[in-house]
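Please look over the structure below before reading the notes. They cover how chains are related, where two of them touch, and the setting of one residue.

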Number of protein chains: 4
Amino acid sequence: MCGIVGIIGENNVQYDLSIALQTIQHRGQDSCGIATKKKKKFYLEKDDGMVKDVFTEKKLKEFKGNMGIGHVRYPTMGSAGKVNAQPFFANQPGIFMAHNGNIINYHKLRKKLLEKSLYLTSNCDIEPVLYILSEELLKIKKKNFKTNDLILALKKTYKRVRGAFTIVGNIYLDGEEAMFACRDPYGIRPGVWGKKDGNYMVSSESVGLEILGYELKGDIPNGELMVFKKNKPPKFYEIDKKEHTPCIFEYIYFARPDSKISNYTPYNIRLELGKKLAKKLRKKGIDIDVVIPVPDTARPAATAIADELEIPAREGFIKNRYSARTFIMKSQEDREFEMRLKHNIIEDEFKNKKVLIVDDSIVRGTTTKYIVKLVKNASPKELHIGIFSPPVNYPCYYGIDISRKNELIARKFQKYYKKGLKELENKMAEYTDADTLTYLDTDDLKNITEYKTCSACFDGKYPLKLKKEEIENIEKDRGENKHGD
Amino acid sequence: MCGIVGIIGENNVQYDLSIALQTIQHRGQDSCGIATKKKKKFYLEKDDGMVKDVFTEKKLKEFKGNMGIGHVRYPTMGSAGKVNAQPFFANQPGIFMAHNGNIINYHKLRKKLLEKSLYLTSNCDIEPVLYILSEELLKIKKKNFKTNDLILALKKTYKRVRGAFTIVGNIYLDGEEAMFACRDPYGIRPGVWGKKDGNYMVSSESVGLEILGYELKGDIPNGELMVFKKNKPPKFYEIDKKEHTPCIFEYIYFARPDSKISNYTPYNIRLELGKKLAKKLRKKGIDIDVVIPVPDTARPAATAIADELEIPAREGFIKNRYSARTFIMKSQEDREFEMRLKHNIIEDEFKNKKVLIVDDSIVRGTTTKYIVKLVKNASPKELHIGIFSPPVNYPCYYGIDISRKNELIARKFQKYYKKGLKELENKMAEYTDADTLTYLDTDDLKNITEYKTCSACFDGKYPLKLKKEEIENIEKDRGENKHGD
Amino acid sequence: MCGIVGIIGENNVQYDLSIALQTIQHRGQDSCGIATKKKKKFYLEKDDGMVKDVFTEKKLKEFKGNMGIGHVRYPTMGSAGKVNAQPFFANQPGIFMAHNGNIINYHKLRKKLLEKSLYLTSNCDIEPVLYILSEELLKIKKKNFKTNDLILALKKTYKRVRGAFTIVGNIYLDGEEAMFACRDPYGIRPGVWGKKDGNYMVSSESVGLEILGYELKGDIPNGELMVFKKNKPPKFYEIDKKEHTPCIFEYIYFARPDSKISNYTPYNIRLELGKKLAKKLRKKGIDIDVVIPVPDTARPAATAIADELEIPAREGFIKNRYSARTFIMKSQEDREFEMRLKHNIIEDEFKNKKVLIVDDSIVRGTTTKYIVKLVKNASPKELHIGIFSPPVNYPCYYGIDISRKNELIARKFQKYYKKGLKELENKMAEYTDADTLTYLDTDDLKNITEYKTCSACFDGKYPLKLKKEEIENIEKDRGENKHGD
Amino acid sequence: MCGIVGIIGENNVQYDLSIALQTIQHRGQDSCGIATKKKKKFYLEKDDGMVKDVFTEKKLKEFKGNMGIGHVRYPTMGSAGKVNAQPFFANQPGIFMAHNGNIINYHKLRKKLLEKSLYLTSNCDIEPVLYILSEELLKIKKKNFKTNDLILALKKTYKRVRGAFTIVGNIYLDGEEAMFACRDPYGIRPGVWGKKDGNYMVSSESVGLEILGYELKGDIPNGELMVFKKNKPPKFYEIDKKEHTPCIFEYIYFARPDSKISNYTPYNIRLELGKKLAKKLRKKGIDIDVVIPVPDTARPAATAIADELEIPAREGFIKNRYSARTFIMKSQEDREFEMRLKHNIIEDEFKNKKVLIVDDSIVRGTTTKYIVKLVKNASPKELHIGIFSPPVNYPCYYGIDISRKNELIARKFQKYYKKGLKELENKMAEYTDADTLTYLDTDDLKNITEYKTCSACFDGKYPLKLKKEEIENIEKDRGENKHGD
């Protein structure tokens, strides 16, 4: 996942960068970094932890610059920790770079570079991309880079680097300071840009732009390079363009509901999917008194269901607003206790009612199972689960931390799924101890936007094909560097 | 406000205390503390900051004890900072104590103690109470305290100490370890107790009990002392009992919705008040397309209004899930910017619609004004404000941080209010730039529970009368130690 | 050991207190504390670590006061750690207090207080003294204390408290701010006072006074109370006076050489003892080419020996100026390695020479043994050890951390010692692998000052007699709370 | 100045590196760093502060490696701070490097690299050297480097890089892990190597080797490259060799007295210079009762003078063993106060005596002036100053922090010096308020070792000639980044 930000034009750009990063903190809480440039001088700081803790006032004062980029990291490739924090810097020819997404042929790139005695200092997957771009640029010339040189070098880089990514970087171009941004050929990972006076900003999500007063101008187009210079209109250059296929899971679960991603907000998509789920529930003839969302993602879908089915929606789950910590964790039981600390229920909303609990998706199944157990303490009359997405049946290799194949609960019950979605739903209801469980059909995702989306985690149709060894390397890496749930 | 916890019976009680404190972290984020006792040895640590940051695993390991109390502090009396953190300890006769609430004759107590050469080490208002109780106990005898001694000493203490409070403490009694808890004569501030096997727990709110597996047994009765000993039924002793009059504002705004306070949950009260607001809106003939709560407090009321008016409720505001920080704050403009960082809107839910925004209360008016300004960017057709409480027209001297009289917006428009609530509503609509603004009537709060509530902030009927000098001292203290908004 | 400082008269007295504490940092590096008072407000901070690390500029800014006391702690009673750091505060009647020395009937005092339900918050031995003094004062009256009240209370306190100590404290007396200092009946532990304009300062050693521009006026007289008020001459009151018998070990080893203690500097005493050792060596007919001190304590003695024997003194040992740390410590071997890090030798000064190594004393014998081993690498022709004190044959119960009886090497070889010092010297030479080893005779300590000294560690003549249970309690405490070497 | 360490062969080499760095902590306290390598993985950490504070047990545990290098930094080029801490890493072809010394054409190198779009991330002068070496290596080939490639690349590097330095680095060579070390053509800065079993160690000074049990084998020869591989004899290759001319100031002041530098210890050199000073004092007919060294550097010289003149040497100055800090510093007066905190005197050793105070050198003159002022408080009969080096009359551009030309006191009194050393001595005696002041003659430094030494700071004879612009750049850099006194 991860989140990126870049700004060009403002003085002391580090302050706005730190604010923008805090608006996309949900995209990564493991580590963060900011890099700025003032004249020929670079400033870089990255560390473990949240933006507000790492970038204190004292730290921000050490920076200077009217151009800079920032990053929040959620490790999907490489382990956690400071050493893997972004941005990365290539001192020759002087490029700062950060990305969100995943480079699927990372292990091969690493190996190839090592053959040229180029050692990586991290196992973050943007590092080889940065060095490859630098290498391609230096092959063309040693200094005085023009935009055309960057285009050419980037085209060669895209030939060597395979992945789903949005990149933001800084380089001195055509005799002036420039910010560049580019997106993978399919535009799988999100990326937008905006304008305020003569300044420009790019980010993974649009929220930071709005809050800082930037006018959202749109997506960084898939497969294109954008070059931004202060007080000039940005330029667009095609590098390697395929069909625009953004990730559906950003809408369903990952992005902030108020972000605009390729012209749609996750909020609206969730409303829409909620409506579809409601129709399916009606068709299945499930009788419901009240709909209760698992906070925070499922709220919009729940309101849509309430409208559609003309039943009340209620806030039955209370989330602890403060991140809590417990030190007596061990085994499954304690994992449950940690969830217990996060969620509490309003018993009255469940007792003796036919309740529909709505959640966004089911990956491993443990959370759903726990939620049912928690709610049963309140003695509902019936307990139905509604999931406003299809079963997660394939891993994501493009930057969403959807665990390895053999950890997906839908995979475990594959024999049921093969007989039909209904069979899987029954099995899942049994497994989670709910009365019924309803997924969306994969077809329900169609036409949800005006363009195609990447729904590979649901239907296995990967827009960017993966080689067997690439899959193996990624799954191995995930096995070694296990992240969260 | 503040929050308290006490547990007797468990080994290494510090772990559960730290968990319980995290469930009531919303009651105070300024500082926190834990004190435990094992045999004759006391352990105490208090510091600035949140529970999860102060009580690290390393710190918790330093504690021992099968009896302990904890505290989270939100300063309403005395300044912020470590020196004022609770619990406090009286080394003779060996009592740990913490409270939530406010001692209204604090300044007089302080002065009286100083006349006896007793210097306070803080300006926290529980400190003199602790020393007065100790003094009264030592007047009776020097050692081998019996429950009767505590009752007698507490009765004398209640005569000298005036306030709204729930106290938890530890003392060696009748030859064994004991935990005691007591509540002010009116029971203004909340306090509950529960049981797990032979262990007992008290807390400001019930959530911690539920999560730790304690059975909630009920309120600490107003004006009574409870004494808890491991493996024995707790005992109740009347100290000074008036009519039970708990604070209505805990239900409306302050407590967690899932807590049980004197048998009612804030969640249900908010539903109820939402319904009343809906009826009033209908009577006023206000036409609404959609109801949108200001998160998180207003959600239950909004769902109740949606049901009652048969219109959809929507999540139009998106709150930043991560506490954010900005370092370029200055003046009013930056205060707005800070709010901007906290809230974002889903424009589609407002555009061209007749929107009702629901919030819990209006104190200074700045937040409401800002919310309207933010929403107007999305061009709603009409913008109505619904507040599910009456105008806050009087300061709270009982522990809720409702600012001094002259900062209350309702006070500023007092001449309108005197003409009738309607006049004030019109003025407030004009002031906040909304189309209409609707409060509840003070009568709407009646019979909302089966007992009387303290609604002094709305109607000025203070159950515990204050002397002029007490009011002056409290307002002066607040002026010097300004806390938050 | 420990060190104390008190200043009255200066504004923002915390700055000078922190400087003064740094001049006596050698008296304790475990923890430190400063307490100040301004009008009726007290300020107190104490923590683990060195003065320069605990009292940062930020921390010092939080203090106010024109009266204050400070402390550096080396635990000889009670364990290490923040909880035992001084000064301590009695909130009634408002006294800050700190001491250097040892209270020998601490365990009894603790027990007696507990019988009155007075719990100690630490196991530091000044805490009960403070409460006893407070109790005695409050027995007299509750407020408006006069100097006479303090005298009376202190006399009663001296009857209850047995030990070797110098105390500094703060109390409001005769209607004004006062600093008081008092010393045990024998004046075993050091304490001096000085004057600058109308301000007064007391300290364990005189160095801080000199550096801060105070004129050293002399000792705090043994068995007396001194009361200091700004701009008034200090007053002296006899409390309980025995023969002045200061600790000889302060001169030999512990105090800074440049301090003036009861009119003598350790520097001069060490010169004198060096001369005596030289005479003894000459009498023993030991032939020496060069004298080499173990730094830093032995340097003055070595120069005196060089003069007396007309041989050169040389710096053969080089001490690492920076405190070093190593993390692979285990067992005896690593202990040696740690010493190795601290000391290095100049081989040329030892090779083929008849070397006399001079050190101050031998407690456990391990350091001397190690020093010989280290030096032997440089192949000296002969290796002689000269110790400018007699064998340490008895533990110190008065505040010097001379380990428990059974850890003293002289005790281990008691059967030799009983036959005569010469036999012990031979045994010690054999044990440490030196050619010869020479101690001073206990008689050599006589008449070294114009007054008697406490040489109990050498001759077992304890000026303040100890009861058997007191000895047992102290040795037990030391066994549990082992401090350094 | 700075200090370097490198070790190859041991497992978990970080522990010994941290110990070795602590033995040369006197060479730099500003920042420090350690880099290790295990298989293809690099580990690097550098930070502000002392070794014992930066490299905690926790931090050391994060490292792995059987090859590593370390550095302590005292900034003589570039500003202080983490960003300039060493070692530096070139990811292609994978080299870690650190140095002590100064690169005199740093500004030109930086400019040249920038012309090739190579941006430096610091203003530490080793960084361009590392990139130049990397560039030269990659010009030869891209991988599978042989020793011959390194020799060739280093020869080219020496052509481009001018300075006084000892470098230690790590590179993969001839198919195995290697450590390399090289020294500037004149061997101005120190550097030694040693052996323990099949492991090798290099360092700025020999003390670390001795303590870790390495046998000191000798200097890294000037102008040569050494290549170390585990279990193989190290190899020597001439790169660019001029006459061996080590820095005399290391012996006089900077290095630890117990280090062996080019076969001499500073201790012995100081003895020798002390003897010469004694002879000169005798010739001048100065009558002295006692000689007192300014600790710690002047002690050996003082003992030599005492022997030569047959007068006693005494420890008249007592240094605070603990680094102290004061926060009321401002202006000259406070600077003096800081010195006061560091030094105290034993008055008896000065009073009514004809005293010779011995110190190593005079740079700015402020310390000497202060010392005289301090001593005069003790009323010596006569006060003579003896400096066991000639006047510092020229800045050092080779890595000793001898301030810019116009800050040297000898320069200020140049007109006197031009008339003869005697005239300068008289002027300096007057200036410092001493009765007489005696320097060594520059001729006294001749033949002090069997090889030539760099005495440029005394005689202006710079072995490595500097261009005017190089001098200007260095002085400018020093002016901007002022370091201590």
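How many residues of chain D are in contact with chain C? The model is predicted, and in it 43 residues of chain D are in contact with 43 residues of chain C.

**The side of chain D that touches chain C**

- Several helices of chain D give two or more residues to this side, including α1 (14–23), α3 (57–61), α7 (207–211) and α9 (266–283).
- Also on the list of elements that give two or more residues are α10 (299–309), α11 (331–342) and β16 (343–345) of chain D.
- By residue class, this side of chain D divides into 19 nonpolar, 11 polar and 13 charged residues.

**How chains D and A are related**

- A turn of 180° and a shift of 0.2 Å along the axis lay chain D on chain A with an RMSD of 0.1 Å.
- This relation is that of a two-fold axis.
- Of the interface residues of chain D, 100% are also interface residues in chain A, so the copies meet through the same surface.

**The setting of B:Lys155**

- B:Lys155 has its place in helix α6 (residues 147–160) of chain B.
- Is B:Lys155 buried or exposed? B:Lys155 is partly exposed, because 15 other C-beta atoms lie within 10 Å, whereas a buried residue has 20 or more and an exposed one 12 or fewer.
- Apart from its neighbours within four places in sequence, B:Lys155 is in contact with B:Ile239 and B:Asp240.
- B:Glu136 is 19 residues from B:Lys155 along the chain, and the C-alpha atoms of the two are separated by 9.3 Å.

Note on methods
Residues are numbered from 1 along each chain as its sequence is written. Chains are lettered from A and ligands numbered from 1 in the order in which they are written. This is a predicted model: local features need pLDDT of at least 70, side-chain atom pairs count only at pLDDT 80 or more; totals for chains, interfaces and linings use all residues. Copies are superposed by least squares on the C-alpha atoms of residues with pLDDT of at least 70 in both. Two residues are in contact if their C-beta atoms, placed from the backbone, lie within 7 Å. Helices (H or I, at least four residues) and strands (E, at least two) are DSSP runs, numbered from the N terminus. Ala, Val, Leu, Ile, Met, Phe, Trp, Tyr, Cys and Pro count as nonpolar, Asp, Glu, Lys and Arg as charged, and the others, Gly among them, as polar.
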